[in-house]
Amino acid sequence: MSPTNRRSERGVPLRAFDLTTYALGASLTLFTLLYAVSLVFGWPLEGIVGEPAWVTRVERYMILFFGMGTALYYLDYAGDRFGVTGKSADDGAGDDVTVESPSQSPDLDAKARLRRIYAVIDPYVAVALAVTAVAATAYVYFNFTRLQGDAFILGYNTTDHIIGGILIALAIDVTRRAFGTVIAAVAVLSVLYAHSMVGTQLFGVFRHSGMSWQQIAENGAVGISGVYDPTLMRVGSTWVAIFIMFAGLAKTYGLMDFVREIGEELGTSLRTGVVQIAVISSMIMGSITGSAAANTATTGSFTIPMIKDQGVGDDVAASIEAVASAGGQMLPPVMGVAAFLMADIIQVPYLDIVQAGVIPAALFYFSVCLAVHFTILKFGWISSDLTSFNWRLLLRGLHFTIPMGVLLVTLVVLRYSPFAAGMYTIFTTIGVMYVRNLVVRFLEVDLEDGVELETKDVSGYEIAASVARTTKQTLDGFKQGGIDMAPLVGVLAAMGVIIKLLEGTGLTARVATSIIGMSEVSLLGFGGGLFVVLFLAMIASILFGLGMPTPAAYILVAILVAKPITDLGTPVIATHMFVFYFAMLSAITPPVAISVAVGARIAGASFLQSCKQALRLGAPGFVIPYAFIANESLIYWSIETLLAFPVVLAGTVGLIVTTIGFDGAQSLSAITRALYLVLALIAMFGSIVHIAFQVVAAAAIIAALLHARYVVGYDLPNNTGTESGMDPTTLD
């Protein structure tokens, strides 16, 4: 049989498989929206279908959400691999297999064969796991009353324990496939650590009496905890899900393309060129995705080549995208879904978290933008062909301002919950797109040469066709939103298992006590106090965040190290912002630096050199968290904020000048950079002594920069593309 006939025969089941995945993805979004509608307005199908149990019990809703999300992830994963597998079968080669020469060792050949076999069976394993997820979910759902009630008293049976073990394994496996081995390994180690065979053999704070495998299955899943954590999975299946699904819908409707177009247009209007695209687009994307690596891969695929085309070095291009992608998770109101988790963990209003995140995000993004700006000017990587910004381009996305306005009004003015606000925003977006598509098509709106409307006769068939196209686009958005959410279901479940088991062993309480004890440690004869604890929290945040998605890293750090900091008197929101900031920065911190690794691979740059440049560009981010601990008004707004924000901002600018070695006009000597560093630290932390020190230092920094800008001036580079005497391979 010819290859063409084989592909034709295989096409029907694959299309049916894709349709199943499509339907499940759209169904997950619709399921979430239906739950939101039920909470806000009541069950909408009253009189047609009775109100289901998952409407009145959030635990039942979480059970179904986890099952649907896990099954969807496996089906989507298998669908991608089936495409690869099919190609490999026809071509006679696996995805990762190259032709072996006779001189190659038998071990290498055996590994290649194993990889090839694994590539063939992997998608079938994923399908089997999807079916397993559905079956396990059905078991838990239909036995919910017994599992949450009678089983606590009468005991769980063997089937319960098996199902619990399966659910834990599914959560860990989804996490491994979606986010790599680091966080999955942490989950596996937490399970092993919780068992009595390991816990009783340890020492110090790590020693505990341990649990049996049955107790691990009960605490980790089947007792409606762990996998179904009442904080993580509840917030993830509601607040987080509604915004991830909105992002999927917005991408399908073209919002992300619009942002990219604005960035490209802005790049032709600024002297520093297209490098600003990375900062702008990554800031917006990173706020929604919650994954620095995914953000770098998504936006970096088109920003990094454009930055390189401007003449920017490979390692610098990679570092710009990596730093911007990591920092995007600080941007309110979503903050890479951490804002929702933080609000629920510390039990404060969501808007308090959003307010607290505004100034830290502004400090970080201003520092990144200025660092990029100075870097481009320093080496002369500037655009020579500048054009005026085409403001008419903004009209193409004018319709997006309506749902954005609804989001702000419902969140800020009406103070609805994020779940309700997200629901209203999604419905508004859908309604706006139906109207917009009809207007653009049938009134022939011309946005190129100004707004021009030209009416035309419209038949009923054309209207129906336009509505059908928009409906298809909407369903595509629902499916995309569900698929984007599916991997997060696994990682939130795995984090729930980790937290439940660590709390069950008493480790979290013992670590908190040990960290508080460290506050008595002295440094060179001086009491370390809060600084020692903060430094330890910084190290822990970075270490826990290596290779992990930021929300997962934040959750782990918040459970382990946030409490001892607050016990020393630090305000609770400031404490959680502190650990979250460093969990975010772990994405650019060696040795893992996952965001930098992705960017370096796209740019074809050295990983170590890219890490070096990323640390320079993001250096102020490692100091800013200490600044808002020392200046609490940056988090808890008051009249003092009006003074604290500008002086700390000036200090942040001083740090940028120090790390880049450029003040906007000329390269600086080591002595000048040291002076800038001293002034920057005083401007950021002088309030510990007196506010006057901050004001004087900030004024000195601003005066020095104004002198550089207007007295010294910036000389345009020569035609070689770099300033004379400078080596663009380093920022020194």
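This report walks through the fold, the core, a few single residues and the salt bridges of the structure above.

## The overall picture

Please keep in mind that this is a predicted model. The protein has 732 residues, and 52% of them count as buried. Its secondary structure comprises 29 helices and two strands. The accessible surface comes to about 30,900 Å², with carbon and sulfur atoms supplying 65% of that area. Contacts often reach far along the chain: among those between residues at least 6 apart in sequence, 75% join residues at least 24 apart.

## The nonpolar core

Which residues have the most contacts inside the largest nonpolar core? They are Phe 65, Val 227, Ile 353, Met 485, Met 577, Phe 578 and Ile 588, in a core of 216 residues. Helix H16, residues 350-379, gives the most to this core, contributing 18 residues.

Val 227 makes a good starting point if you want to look at the packing. Setting aside residues up to four places away in sequence, Val 227 touches Phe 66, Leu 167, Ile 168, Ala 171, Gly 220, Ala 221, Met 233, Ala 493 and Val 497.

## Helices H14 and H24

Helix H14 is mostly covered, with 13 of its 14 residues buried. Its length also fits expectation: at 1.5 Å a residue, H14 should span 20 Å, and its end C-alpha atoms are 20 Å apart, which agrees.

H14 turns up again around helix H24, which runs over residues 594-603. The buried residues of H24 are Ser 595, Val 596, Val 598, Gly 599, Ala 600 and Ala 603. What covers them includes helix H13 (292-309), helix H14 (314-327) and helix H25 (607-617). Just after H24 comes Gly 604, which has a positive phi, near 70°.

## Two residues to compare

Thr 32 sits in helix H1, which covers residues 3-41. Is Thr 32 buried or exposed? Its relative accessible area is 0%, so Thr 32 counts as buried. Not counting residues up to four places away in sequence, Thr 32 touches Tyr 61, Phe 65, Ser 237, Ala 241, Ile 242, Met 245 and Phe 419. One of these, Phe 65, is also among the residues with the most contacts inside the largest nonpolar core.

Glu 51 lies in the loop between H1 and helix H2 (53-56). With a relative accessible area of 42%, Glu 51 is partly exposed. Beyond its neighbours within four places in sequence, Glu 51 is in contact with Trp 43 and Thr 56. Glu 51 and Ser 38 are 13 residues apart in sequence, and their C-alpha atoms are 9.2 Å apart in space.

## Salt bridges

How many salt bridges does the count give? The count comes to 10 salt bridges. The table shows some of them.

| Pair | N to O distance | Location |
|---|---|---|
| Arg 177 and Asp 122 | 3.0 Å | helix H6 and helix H4 |
| Arg 176 and Asp 173 | 2.9 Å | both in helix H6 |
| Asp 344 and Arg 234 | 2.6 Å | helix H15 and helix H10 |

The bridge between Arg 177 and Asp 122 links distant parts of the chain, with its partners 55 residues apart. Arg 177 and Asp 122 are both buried.

Arg 176 and Asp 173 are three residues apart in helix H6, about one turn of the helix. At 33% relative accessibility Arg 176 counts as partly exposed, whereas Asp 173 is buried at 16%. Asp 122, Asp 173, Arg 176 and Arg 177 are linked in a network of salt bridges.

The side chains of Asp 344 and Arg 234 also meet in a salt bridge. Asp 344 belongs to helix H15 (residues 338-345) and Arg 234 to helix H10 (residues 232-253), so the pair ties together parts 110 residues apart in sequence. Asp 344 is buried, with a relative accessible area of 8%, while Arg 234 is partly exposed at 28%.

## Cysteines

The disulfide count comes to zero. Cys 369 counts as partly exposed at 28% relative accessibility, whereas Cys 611 counts as buried at 3%.

Conventions
Residues are numbered from 1 along each chain as its sequence is written. This is a predicted model: local features need pLDDT of at least 70, side-chain atom pairs count only at pLDDT 80 or more; totals for chains, interfaces and linings use all residues. Side-chain values use heavy atoms; hydrogens and water are left out. A disulfide is a pair of cysteine sulfur atoms within 2.5 Å. Buried means under 20% relative accessible area, exposed over 50%, partly exposed in between (1.4 Å probe, protein chains only). Helices (H or I, at least four residues) and strands (E, at least two) are DSSP runs, numbered from the N terminus. Contact means heavy atoms within 4.5 Å. A nonpolar core is a set of buried Ala, Val, Leu, Ile, Met, Phe, Trp, Tyr and Cys residues joined through side-chain atoms within 4.5 Å. Accessible areas come from the Shrake-Rupley method with a 1.4 Å probe; for residues, only the protein chains shown count as cover. The expected span of a helix is 1.5 Å times one less than its number of residues. A salt bridge is a side-chain nitrogen of Lys or Arg within 4 Å of a carboxyl oxygen of Asp or Glu.
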